[in-house]
Amino acid sequence: RVRWGLEWFLRSQALIRAGRLRSPTGIPKEFLIHMKRSLALIATLASGLALSAAAQTLPAPAAAAPAAAAPAGPAKIAVIAFQAAVAQTNEGQRNFADLQKKFSPKREQLRALAEEIDTETKQLQAQGDKLSEAVLASRTKAIEDKKKQLQRDSEDAQNDFQQEMQEIFNTLASKVGDVLTSYEQQQGYTLVLDYAQQQSPVLYAQPSTDITKAIIDAYNVKS
């Protein structure tokens, strides 16, 4: 049977399954791995927050007006599964449902072609010794042609699905990123780390520092 498109999307959160941090409730389990390559900008966001915080502590130039001193005390750090937050917003779930619906007819078409190939193959295997060489060769070629067509159509459909999913995700990620920036400024965080990234430096964090759900809720309220 053909497995494409929506199936890969349902593989998620392998990066969170390591158990080192609490996963957000209800996050689709395969969304993270597939989309991690389309979100290099999010890793940049995390590191950018650190650079922004560091810049705030630098002394003002001599010619500039005196600036208020940065509050003393330990850094306030939070962690987030950013890709999961994007996926779990109400808008993200609606977009995914709409995309599933859009590609459903194509998926059914490919499934029907796969079943047709399977049926014809079994018939040929059962009747092969009763057919002439010419008929056997003709039916074998017809099946092989259908298999090639199925492969081409499946690859095209998967590529189309992935491209649309990436475009939808990137657009939404930009908006969720704005909410994250506002939230960390309002809450006074000096550093926010994305623990779902493959190369994340986070080894352990208290569940209370995980702001994933807070960002989901904040975006849902805003949108």
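Reader: Is F161 buried or exposed?
Author: F161 counts as buried, because its relative accessibility is 0% (buried means under 20% relative accessible area, exposed over 50% and partly exposed in between, with a 1.4 Å probe and protein chains only). This is a predicted model, where local features need pLDDT of at least 70 and side-chain atom pairs 80 or more, while totals for chains, interfaces and linings use all residues. Residues are numbered from 1 along each chain as its sequence is written, and side-chain values use heavy atoms, leaving out hydrogens and water.

Reader: OK, and how many aromatic pairs are there in the whole structure?
Author: A search of the whole structure finds two (ring centres of Phe, Tyr or Trp, by its six-membered ring, within 6.5 Å; planes under 30 degrees apart are stacked, over 60 edge-to-face, the rest tilted). In one of them, F103 and F161 meet edge-to-face, with 5.2 Å centre to centre and 80° between the planes.

Reader: Which parts of the chain does that pair link?
Author: The pair links distant parts, since F103 belongs to helix α5 (residues 90-127) and F161, 58 residues apart from it, to helix α6 (residues 133-187); helices here are DSSP runs of H or I with at least four residues, numbered from the N terminus. F103 also counts as buried, at 9% relative accessibility.

Reader: What about Y183 and Y189, how are they arranged?
Author: Y183 and Y189 form a stacked pair, 6.3 Å centre to centre with 25° between the planes. Y183 is buried at 18% relative accessibility, and Y189 is buried as well, with a relative accessible area of 15%.

Key: Helices (H or I, at least four residues) and strands (E, at least two) are DSSP runs, numbered from the N terminus.
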